[in-house]
Amino acid sequence: SNIDEHSPTIVHHSTMSSTEETPLVVDQDDTYRDEIQDMTWGRRLARYLSKYEWYNPHLNNPNAPSLDKAWSLFEHVTLARHFKPEEGAVDVNRKAEAGEHESLTQLYSVMNTPESDLGDFGIGVGVYFYTLRLLSIIMLLAGIINIPNLQFFGSDRYSYMNEGLKRFSLKSSAICTADSWNACPTCTKDDWDRFPVTYHRYAEATSEDGSVLTFIKTNNCDITNGVGLVTFISLLFICISIYLLQKATKRVEIKFDNASLTTTDFAVEVSNPPTDARDAEEWKTFFEQFGTVASITVTLDNEELLRALLIRRTLLTSLADLQPAGVMVDNENVAAAVETAMPLTRIQKLMYMSNAATLASKIEAIEQEIANDLSKRRYDVSNVFCIFEMEADQQAALKQMSVGGVHILRQSTSTLPQNL
């Protein structure tokens, strides 16, 4: 018999009371040829529970939706996967496109995926995890530097036995429990009415002669010069480390960028060209001194024209929605579309939707504005994009045209080579 290779596997079983064979659907999908060890634990659990009718009510229905196929689509389309590595492969975890089924793929391992492969998910993702790892190391080393301070704060030299601290994690903190009430004749309650309010450290008492005595709670913990020195060293270490981290992330960003080719690796953008430099051939001649130019795109500051064209398209789409099935609407048959349009329903009227005649008049008005005004304007150049055929040509162009930030602010053209 002809059986589709993707159909559910049918297993026959019999009971003691009947010789009739009842089909038992084993809910499995082999489209992607997944092995058990390459599946998520959720899919494995669902496969196991699918043989029970309380979990899979359509157990004996061969036409029921396949739960395992839904799991396989989720794993192969939603989750990131890489091709199974071959012997001697340079890129062990070569990223696979979503839904890849011609070659065997597997999920990225949480523990065994090397940092160099994280750039496959985008340069920002790779740089993020690289920065996170280095920051963890920096904070660990900074904590080791501060161990002398932790020992001092937890000793009797700072606060005797740290009485009153119930949590052990606070024993080595700078919290001072050695405090006492001392007289302060010049203190007033207003001195403590600041954020955060600390009225609990202020008290008043009345003496036998009726005079009011003022007391404040003071800490009796002494901090030695060694604490300040260790703190300064750790702060200096963090500042230097963050500076070096910034340098390192730039190098890693270049490394990830070179590992994956995108359009930006071949492109150069001129963001502030002369407003009248519309000749693409002139731009091509300029950039050809760096290498072979594949294309030149000169963009114009014609936002008003683009907005008008978008409004026209929206109106044409609304008019097309009122047509019977199969009737197309374009700029040439707007008048005919008004005749074939269906009347608005009550709900459409309640939503203040325009009828066909109103839409046609709006289309005519926007057409006249485009033809008589917007299309005749001379728009300024906003950007120029040059696409090179080789990445090395793009790098050469950027290297020769790169100048310092001060020269950019001063618009100093003398810093550029004479040929530019």
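Contact here means heavy atoms within 4.5 Å. Axes are lines fitted to C-alpha atoms, for helices over the stretch in contact, with angles from 0 to 180 degrees between N-to-C directions. Helices (H or I, at least four residues) and strands (E, at least two) are DSSP runs numbered from the N terminus.

A word on the model: it is predicted, so local features need pLDDT of at least 70 and side-chain atom pairs count only at pLDDT 80 or more, while totals for chains, interfaces and linings use all residues. Residues are numbered from 1 along each chain as its sequence is written, and side-chain values use heavy atoms, leaving out hydrogens and water.

**Exercise 1. Get your bearings: how many helices and strands are there in the protein?**

Step 1. The tally is 12 helices and 10 strands.

Step 2. Now burial, where buried means under 20% relative accessible area, exposed over 50%, and partly exposed in between (1.4 Å probe, protein chains only). Of the 420 residues, 27% are buried.

Step 3. Take the contacts with a separation of 6 or more: 58% of them are between residues 24 or more positions apart.

**Exercise 2. Work out the sheet that holds strand 10: what is its strand order?**

Step 1. Two strands pair if DSSP finds at least two bridges between them. That gives an open sheet of 3 strands, ordered 8-10-9 and paired antiparallel.

Step 2. Strand 8 (267–270) and strand 9 (293–300) are the edges, each pairing on one side only. On average, neighbouring strands here are turned by 15 degrees against each other, direction ignored.

Step 3. Zoom in on strand 9 and strand 10 (residues 381–388): their antiparallel pairing runs over 7 bridges. Ser-295 has Ile-387 in strand 10 as its bridge partner.

Step 4. Add the helices. Helix 6 lies across strand 8, strand 9 and strand 10, at about 135 degrees to strand 9. Helix 11 (residues 391–401) lies across strand 8 and strand 10, at about 35 degrees to strand 8.

**Exercise 3. Do the same for the sheet with strand 7: which strands are its edge strands?**

Step 1. This is an open sheet of 3 strands in the order 5-7-6, again with antiparallel pairing.

Step 2. Its edge strands are strand 5 (179–183) and strand 6 (202–206), which each pair on one side only. The average turn between neighbouring strands is 30 degrees, direction ignored.

Step 3. Strand 6 is joined to strand 7 (residues 212–219) by 5 bridges, running antiparallel. Look for Ala-203, which stands opposite Phe-215 in strand 7.

**Exercise 4. Sort the ring pairs: is the pair of Trp-283 and Phe-287 stacked or edge-to-face?**

Step 1. Set the rule: rings of Phe, Tyr and Trp (its six-membered ring) pair if their centres lie within 6.5 Å, with planes under 30 degrees apart stacked, over 60 edge-to-face and the rest tilted. By this rule there are 14 aromatic pairs.

Step 2. The centres of the Trp-283 and Phe-287 rings are 6.2 Å apart and the planes are at 20 degrees, so this pair is stacked.

Step 3. Place the pair: Trp-283 and Phe-287 are both in helix 6 (residues 280–287), 4 residues apart, or about one turn of the helix. An α-helix has 3.6 residues a turn, so residues three or four places apart point the same way. Both Trp-283 and Phe-287 are buried.

Step 4. Widen the view, and Trp-283, Phe-286, Phe-287, Phe-290 and Phe-388 make up one aromatic cluster.

**Exercise 5. Check helix 3: why does its length agree with expectation?**

Step 1. The expected span is 1.5 Å times one less than the number of residues.

Step 2. Helix 3 (residues 123–145) has 23 residues and should therefore span 33 Å, and its end C-alpha atoms are indeed 33 Å apart.

Step 3. The buried residues of helix 3 include Gly-126, Tyr-130 and Leu-134, and the buried set packs against helix 5 (225–259).

Step 4. Ser-116 sits in the loop between strand 4 (105–107) and helix 3, and counts as partly exposed because its relative accessibility is 44%. From Ser-116 to Gly-126 is 10 residues in sequence and 7.4 Å in space, C-alpha to C-alpha.
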